[in-house]
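Please look through the following report with the sequence and the structure side by side. It goes from the whole chain to a strand, then to a single residue, and ends at the surface.

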Amino acid sequence: MFRRVVMTFCVVALLASAVGFAATTGRLVGTVKDNEGLALPGVTVQITSDKLIGGPKVAITGANGDFAFNLLPVGLYTVTANMPGFKPATGQVRVNLDGTASVEFSMTPEQFVGEVVVESTVPVVDTQQVNSQQVFDQDYLQNAAVGASGRDYLSVLSQAAGVAGSGNASVYGSSTSDNSYLIDGMNTTDPVTGTFGTNFNYDAIQEVSFQTGGFEAEFGQATGGIINLVTKSGGNDFSGSLDIRYRDQDFSENGKHFNKDEQKSSFEDYSVTFGGPILRDKLWFFVSGEDVDTKYQPEGALFDRNYKGQNYIGKLTWQMVENHRAVFKVSGDPAEIPGANVSRFVMPAASYQQDQGGTNWSVELNSVLTDSLLLNARVAINRGYINGGGENNPDTISGHYNEDTFIQDNNYSSTFKNDRDRDEYGVSLTYFLDDFAGSHEFKVGLEYNKLMFNDISYYNGGAFIYDHGGENEDFTDLNGDGFNNHYMVVKEPVETAKDPVYSEGKIRTFYLQDS
């Protein structure tokens, strides 16, 4: 039955035939030698970690004393080497996202009297990779100075070399739409603007990998940076977090040229995470929720801008049988933004509200088919939206703008509703081959992306009204006095404008690479 499930998953992905189909794991390799520097074959090497579902894993060193563990969740691992007649050796090493950690043991015979050397390091330069990459692990994420309102992965990326700006940053001079944003391997880049497409709880992040050059063939649709992020998965022990943050203008101090009460603001952020075992070493869960409420009223404005958003994640990690692991995840980031166009030149009647967010579903399968052959398959669905319009009878009253005073009143001028969706499917096989003119990591993959955009945009009431004292033949004279003191831009009727405009793009990818 299990073989049928695996084969069905792979066949579906192959028939569908996703750009940015990124890894969500890392790799650990190493060698074991004796005290004279000679390779030791037949050594039993065991790894343990609170991030490793399924319990400890074991490998036996080959003829050259080498060993490897593949498709490992990111985190800190304890590595132990044992062989009859030799003293055990133990060390710790961190496995990073999209990276290969290495460890080297020097074992001494039991009767040997002298110093035992254990060396376990993650090299500054990953010799298995050719790209330019920076990894932000848990220690960095929890201790980085990002500020209360900067607790998101975009703020962290702005601290990397070659990055200009925050939010949708420019990487080494590329445009802000030249990056690719991958969450748990799923491409969440906005299919319309090419910018980041989802938010979530900062405390749910396990690790972030940021590539800025030298991408391998499996990565595409980016000439800036590749952001690859994995979320937490729970573990064999129950754990969680509670984070509460609040700030308003009273946290600031008045000065000779500054009155804190002239620009009112408040910031509230409540977040919680919780994870643990449903079945120890078999089935883990992780859930996260966050509620964000911010308000801002600049000097002279008659209303405030209010951002009210929720970010949530639910994740299951299932070790089906040994060497076969599946991950199921759903996440979302709905938000409402009343008063999004707040300004001293906008009257409350012309206030504008924007609703945005989306829901993401994904299923991933990781299988170690043999010591040298790995399978990864993924299906992901991303449903996003951005809607905006006036808060006061948007379909019946047209907006009004005075070109002399720059004041907008009566109603916000236009309404838009659009869906920004993405479906992606992918399957890849990785094969490790040693001693063939060097060591090789061959990877072949098929990917399919379908990008969809459904848009409705129109002027409220079919028109936008202006006030102006000059003449303009392109506009209608509503007063009949020969001057355009009060004129409007006439658009098509609202009923016709509400007809949706739909467009889509399909991307089919095949890649073959040798690292």
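## From the whole chain to its details

The chain contains 4 helices and 30 strands, and the model shown here is a predicted one. Of its 515 residues, 47% count as buried. The accessible surface of the chain comes to about 24200 Å², and 53% of this area belongs to carbon and sulfur atoms.

A good place to begin is strand β15, which covers residues 226-231. How many of its residues are buried? The count is 6 of the 6 residues, so β15 is largely enclosed by the rest of the structure. To follow this in detail, it helps to remember that in a regular strand the side chains alternate between the two faces of the sheet. In β15, one side carries Ile226, Asn228 and Val230, while the other carries Ile227, Leu229 and Thr231, and since the residues on both sides are all buried, both faces of the strand are covered.

Strand β15 also has partners, and the table below sets out two of them.

| Partner of β15 | Residues | Direction | Bridges |
|---|---|---|---|
| β12 | 180-183 | parallel | 4 bridges |
| β14 | 205-213 | antiparallel | 6 bridges |

Individual residues can be placed within these pairings: Ile183 stands opposite Leu229 in β15, and Ile205 has Thr231 of β15 as its bridge partner.

Another residue to find is Asn382, which lies in strand β23, residues 373-390. Is Asn382 buried or exposed? Its relative accessibility is 9%, and because a residue under 20% is called buried, Asn382 belongs in that group. The side chain of Asn382 makes a polar contact of 3.3 Å with the side chain of Asn360. Leaving aside residues up to four places away in sequence, Asn382 touches Asn187, Thr188, Thr359, Asn360, Arg420, Asp421 and Arg422.

The last stop is on the surface, where Ile278, Leu279, Leu316, Trp318 and Phe328 form a nonpolar patch whose accessible area is about 440 Å² together. Which strands supply at least two residues each to the nonpolar patch? They are β17, residues 264-279, and β19, residues 305-321. Leu316 is one of the patch residues and is found in strand β19. With a relative accessibility of 34%, Leu316 counts as partly exposed, because this class lies between the 20% limit for buried and the 50% limit for exposed.

Methods:
Residues numbered from 1 in each chain as written. Predicted model: local features only at pLDDT ≥ 70, side-chain atom pairs only at ≥ 80, totals over all residues. Heavy atoms only, no water. Buried < 20%, exposed > 50% of the residue type's maximum accessible area, 1.4 Å probe, protein only. Polar contact = N/O pair within 3.5 Å; in protein donor to acceptor, adjacent residues only side chain to side chain. Contact = heavy atoms within 4.5 Å. Pairing = 2+ DSSP bridges. Patch = residues over 30% accessible without salt bridge, like charges linked within 9 Å, V, L, I, M, F, W, Y side chains within 5 Å. Areas by Shrake-Rupley, 256 points an atom, 1.4 Å probe, with all protein chains shown as cover. Salt bridge = Lys/Arg side-chain N within 4 Å of Asp/Glu carboxyl O.
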